[in-house]
Amino acid sequence: MIRTVNLRKMYATEEVETTALCDVSFEVKEGEFVAIMGPSGCGKSTLLNLVGMLDSPTAGEYHFMDTEVGAMSERNRVRFRKGNIGFVFQSFNLIDELTVSENIELPLLYLGMPSAARRLAVHEVMEQMQLVPRRNHFPQQLSGGQQQRVAVARAVVAKPKLILADEPTGNLDSRNADDVMNLFAQLNASGITIVMVTHSPGYAEWAQRTLHLFDGKVVSTSVAKANNV
């Protein structure tokens, strides 16, 4: 599903040029759950942004579902990721003025789905995430764990092929973080590919493989103990 070849990302100002990613090559197969780990500033979020087509590489290749997307224009990247990629962030990124069901519905509005189909899809994912009793609540009326559950529901409501999660447990206590990781495990078991940035070795163990980044490079790959048969 994902293949990068010598991916580079550089940021330049008048005074200095910074290399965020240097010759990153890796693959993620359809249905895999892959974690990305490394110290702060090593390029984890930059890599996730490139994989999610929120940014374009300075050099190298990025193939998503057998299509080279690294050199696409921003407009074409937006079209290509719609319906294919769902995002979950550490800060939830919910809209305070919208209810739970309205927040979850947003990706379907962008896709132009008819209203009846939107209502059905939202109800189905709220049932899956155990959010039906909260459907008319606003984000500020929810706990952190509930807000992240809404964010996950929003990410999967359009049935994307890939979920990208950037520190999804970072703002949660251990119980709510475990609940979110259980959700990811269930989604992965249903066939959704997941790539997750995390600082936690324990949560990285939920993934089948972990890519270790340092100074913008993939320095090693490890297999989770539970999957290391």
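This passage looks at a polar residue in a helix, two nonpolar cores and a hairpin.

The model is a predicted one, in which local features need pLDDT of at least 70, side-chain atom pairs count only at pLDDT 80 or more, and totals for chains, interfaces and linings use all residues. Residues are numbered from 1 along each chain as its sequence is written, and side-chain values use heavy atoms, with hydrogens and water left out.

Asn103 sits in helix 3, residues 100–110 (helices, H or I of at least four residues, and strands, E of at least two, are DSSP runs numbered from the N terminus). With a relative accessibility of 0%, Asn103 counts as buried (under 20% relative accessible area, 1.4 Å probe, protein chains only). The Asn103 side chain comes to 3.1 Å from the backbone oxygen of Leu98. Beyond neighbours within four places in sequence, the contacts of Asn103 (heavy atoms within 4.5 Å) include Pro139, Val150 and Arg154.

The largest nonpolar core (buried Ala, Val, Leu, Ile, Met, Phe, Trp, Tyr and Cys residues joined through side-chain atoms within 4.5 Å) has 38 residues, and Ile104, Met129, Ile163, Phe184, Leu187 and Ile194 touch the most other members. Among the elements that each supply at least two residues of this core are helix 3, helix 6 (174–189) and strand 8 (193–197). Apart from this core lies another, of 26 residues, including Ile2, Val51, Phe64 and Leu164.

Strand 9 (residues 209–214) and strand 10 (residues 217–223) run antiparallel, joined by six bridges (strands pair if DSSP finds at least two bridges between them). Thr210 has Ser222 of strand 10 as its bridge partner. Two residues separate the strands of this hairpin, and Asp215 in the turn has a positive phi of about 50°.

Note on methods:
Buried < 20%, exposed > 50% of the residue type's maximum accessible area, 1.4 Å probe, protein only. Polar contact = N/O pair within 3.5 Å; in protein donor to acceptor, adjacent residues only side chain to side chain.
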